[in-house]
Amino acid sequence: MWNKAIETMRRPDMEALQLERLKATVGRVYNNVPFYRKRLDDAGVTPESIKSLKDLQRIPFTVKNDLRDHYPFGLFAVPMKDIVRIHASSGTTGKPTTVGYTRADLEMWSECVARLVMAAGATGDDVAQIAFGYGLFTGAFGLHAGLEKVGAAIIPMSSGNTEKQIMIMQDYKSTVLVSTPSYALYMAEVMAEMGVKQSDIALKYGLFGAEGSTEEMRAQLESRWGIIATENYGMSELVGPGVSGECIHKTGMHINEDCFIPEIINPETGEVLEYGEKGELVITTILKEGIPLLRYRTKDITRLIPEVCPCGRTSIRMEKIQGRSDDMLIIRGVNVFPSQVESVLLGMPHISPHYQLEVSKNGFVDALKVIVELEDSSLLESFSQLEALEKSIRHKLQVVLGLDARVQLTEPKTIERSMGKAKRVIDLR
Ligand code: ADP
Ligand code: ZN
């Protein structure tokens, strides 16, 4: 473990640490961020009135639009001279939001990532190929700093140029790959086309994040690469990657609770839910200086797991993200997450893990079409086999989604490959 004292801290000690840091954070934003002073005043919350962790629930939520309304720097809690780095969200769901880091924030960030990369199997002996895009996006810089901290040799490849990625991976004997799961899948495909085999590379671990993936996708990544695949989670508003990450037991992502307090709420009512209940993840940052956020609504749907993990870490874990509430499609009144479709498709024979969901309007009625690539185009010659496969996918989708969807099987390599976050949904409505 990178930081055994924190990672195995007893619950009462962790809660005491959290309370102390929460009080300090509320005081800081109250005094330095006009937006928060007003919000807290309106809610009747003063920094002195925070006496226990339960008092967190008296604080109003912060949402992405609050950041957008104060774009770019309006929620910063320190003067610009103390900011040493600026990043932004990927802009998946609209105008990007901007975040700033103090020197202490960069230290905290790399500390959090160092813990998760070690939990995922990486050590100072590893050669780590980072295939996240370097830039305003936090993914590459975050993993870079954490892996550097544990002493790994970093190859800052950035994303794209996939054949070169494979060549470097072979020549430099990379043992760790950092990327989105969808890009890792595409890289595996290119590797096979280049005639490079698993025995030609030295890869041992895949550290995947920045987008969701199902257990079925993990299984594909592990077998195609011959690695242990773990995932980690974060978002630019909160720090970037480093909020949480899986250990090699893959029992959910360990949250860095000395820096982030997690809650799960009912996204409709805002009511705080019990451990184990599914809802929207809300995070309060308690150590960040540049742009601390109180009860930030992540829009990511998951649940919290409090039981101690076999690895010995005592932190609360979060389950794989089911999807963003933004990604949830409502089709003829039925809620559909792309991840549900992924888990159906990836369990089927003869199809590749590349798919898209197309939603359209047929008159007044929503229609869902699932487009998925065949593993091998020879199947296209057998109408009866094709029809049978289509039928069985349709049936499975019906059972899992409770919805009739059209299935379109296409030639291999017709769906656009992604170098970063995959685009799974085309909404034509
Ligand atoms: P954007 O919100 O514009 O995509 P970010 O690059 O900050 O900007 O991405 C944060 C989001 O990425 C999270 O809110 C979440 O939806 C997604 N994400 C990150 N890691 C994971 C993960 N391990 N599983 C599922 N989703 C993830
Ligand atoms: Zn663990």
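**Buried charges and a bound ligand**

At 2% relative accessibility, E237 counts as buried. I begin with this residue, and I should say at once that the model before us is predicted.

What does E237 pair with? It forms a salt bridge with K64, and the closest N and O atoms are 3.0 Å apart. K64 belongs to helix α4, residues 64-69, while E237 sits in the loop between β7 and β8, so the salt bridge ties together parts that are 173 residues apart in sequence. K64 is likewise buried, at 15% relative accessibility, since the term applies under 20%.

Other salt bridges have partners with greater access. D13 and R10 meet through their side chains at 3.1 Å, N to O; D13 is partly exposed at 36%, and R10 is exposed at 53%. D427 and R429 also form a salt bridge, with 3.0 Å between the closest N and O atoms. D427 is partly exposed at 40% relative accessibility, and R429 is partly exposed at 40% as well. In addition, R21, E111, R115 and D258 are linked in a network. The structure holds 31 salt bridges.

I turn now to ligand 1. It is surrounded by 20 residues, the closest being S90, G91, T92, D300 and R324. By class, this shell has seven charged, eight polar and five nonpolar residues. Strand β7, residues 228-235, gives the most to the shell, with five residues.

Where does D300 meet the ligand? An N or O atom of its side chain lies 2.7 Å from an oxygen atom of ligand 1. Taken alone, the ligand exposes 560 Å², of which the protein buries 96%.

Terms used: Residues numbered from 1 in each chain as written. Chains lettered and ligands numbered in written order. Predicted model: local features only at pLDDT ≥ 70, side-chain atom pairs only at ≥ 80, totals over all residues. Heavy atoms only, no water. Near = heavy atom within 4 Å. Polar contact = N/O pair within 3.5 Å; in protein donor to acceptor, adjacent residues only side chain to side chain. Areas by Shrake-Rupley, 256 points an atom, 1.4 Å probe, with all protein chains shown as cover. Helix = DSSP H or I, 4+ residues; strand = E, 2+ residues; numbered from the N terminus. Nonpolar A, V, L, I, M, F, W, Y, C, P; charged D, E, K, R; others polar. Salt bridge = Lys/Arg side-chain N within 4 Å of Asp/Glu carboxyl O. Buried < 20%, exposed > 50% of the residue type's maximum accessible area, 1.4 Å probe, protein only.
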